[in-house]
Amino acid sequence: MHSLRSSFLSPVCPRHGRDFNGGVATGRFSNGRLVTDFISEGFGLPSSVPAYLDAASCTIDQLAMGVSFASGGTGLDDLTADIRNVIPVRQQLEYFREYKERLTVAKGVSEADEIIAGALYYFSIGNNDIGVNYFLLPQRRAQFSPPEYAAFLVGIAGAAVREVYHLGGRKIQLTGILPVGCVPAMRTVNLHRPGECMEDFNQFALLFNAELRETANKLNGELSEAHVVYSDMYSLVSTIIANPLKYGFENGAQGCCGTGLIEVSFLCVLDEPLTCEDTDKYVFFDSVHPTERKLVKC
């Protein structure tokens, strides 16, 4: 499995990875594993997917079984990546191109092409374009209406899929974005209805997801032998957040880490004494990212 996604590499924080095998920080924005890790394990592959930028610690045979080109905090919009000084999608695609060249040298053209064509390419990106960029900063709002910005983002996603296809990828999953307005951080900054979801964020997420689903269908018709699948996470996560007790959680409005309201990534360590003991009771680990148990439930 080859993974192109946004929420994978992060600043190393001791709290992130506390429930990962060995209890070490891995660059994941979670207390444990991510969706791509579980997908890999489900395919009978390793239970965690290595990062391409950590390739020095992996053999080419290990990377051939799955690799992530992701960068935590990025988005489809280059401006979103610039805000956090992280790796934009276009650079992630360049790393994929470089990876294919390395694979070809090691395995030969025929086997490398077979590996590339047989892999699953998993895109999960766009949450930061909405939650960090469009609503919190003025530049894109001055340029685009919400429908225009959603179309702009989905256009970039479509171009990325075409790039993967032209490099040999055929099985591609486009994952819709979450109810961004309901993550603890957004509830915290809701000045009009403190503690409740930011519905304008969620409406934008639904608009984006509808555009992304339509684009996936169009790409299937456009790209010969491609299998582009849209995956809806919005409804599933919304259901869990609305009724956490039904799914075995005790808290769907706050994160486990720090105060559970605003801390993300390395900021969690500043409030380490406040971090919860049992992450399984929480839908979110920090104020934005889910716990491993929530991912398992999904």
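A surface patch here is made of residues with over 30% relative accessible area and no salt bridge, with like charges joined within 9 Å. Keep that in mind as we walk through this predicted model.

**Stop 1: a charged patch**

Select Glu250, Glu277, Asp278 and Asp280, and you have a negative surface patch on screen. Now pick out glutamate 277 from that group: you will find it in the loop between strand 6 (251–255) and strand 7 (282–284). Is glutamate 277 buried or exposed? With a relative accessible area of 79%, glutamate 277 is exposed, because the cut-off for that word is over 50%.

**Stop 2: the nonpolar cores**

Next, select Phe96, Tyr99, Tyr121, Phe123, Val161 and Val228. The largest nonpolar core has 66 residues, and these are the ones that touch the most other members. Colour helix 8 (residues 146–166) as well, since the largest share of this core, 9 residues, comes from there. Then move to a second, separate core, which has 6 residues, including Cys256, Cys257, Cys268 and Cys276.

**Stop 3: salt bridges**

Side chains of opposite charge can pair when their charged atoms come close. How many salt bridges does the structure hold? There are 8, and three pairs are worth a visit.

Begin with lysine 107 and aspartate 61, whose side chains meet in a salt bridge at 2.3 Å, N to O. This pair links distant parts of the chain: lysine 107 sits in helix 4 (residues 89–107) and aspartate 61 in helix 2 (residues 60–63), 46 residues apart. Both partners are partly exposed, lysine 107 with a relative accessible area of 25% and aspartate 61 at 43%.

Now select arginine 90 and aspartate 78, which form a salt bridge of 2.7 Å, N to O. Arginine 90 is in helix 4 and aspartate 78 in helix 3 (residues 78–84), so this pair ties together parts that are 12 residues apart in sequence. Aspartate 78 counts as partly exposed, at 30% relative accessibility.

Stay with helix 4 for the last pair, glutamate 94 and arginine 97. Their closest N and O atoms are 3.8 Å apart, in a salt bridge. The two residues both lie in helix 4, with 3 residues, about one turn of the helix, from one to the other. Glutamate 94 is partly exposed, with a relative accessible area of 41%, and arginine 97 is partly exposed too, at 30%. Finally, add Glu163 to your selection: salt bridges with shared partners join Glu94, Arg97 and Glu163 into one network.

Notes. Residues are numbered from 1 along each chain as its sequence is written. This is a predicted model: local features need pLDDT of at least 70, side-chain atom pairs count only at pLDDT 80 or more; totals for chains, interfaces and linings use all residues. Side-chain values use heavy atoms; hydrogens and water are left out. Patches are made of residues with over 30% relative accessible area and no salt bridge: like charges are joined within 9 Å, nonpolar side chains (Val, Leu, Ile, Met, Phe, Trp, Tyr) within 5 Å. Accessible areas come from the Shrake-Rupley method with a 1.4 Å probe; for residues, only the protein chains shown count as cover. A salt bridge is a side-chain nitrogen of Lys or Arg within 4 Å of a carboxyl oxygen of Asp or Glu. Lys and Arg count as positive and Asp and Glu as negative; His and the chain ends are not counted. The place of a charge is taken as NZ of Lys, CZ of Arg, CG of Asp or CD of Glu. Helices (H or I, at least four residues) and strands (E, at least two) are DSSP runs, numbered from the N terminus. Buried means under 20% relative accessible area, exposed over 50%, partly exposed in between (1.4 Å probe, protein chains only). A nonpolar core is a set of buried Ala, Val, Leu, Ile, Met, Phe, Trp, Tyr and Cys residues joined through side-chain atoms within 4.5 Å.
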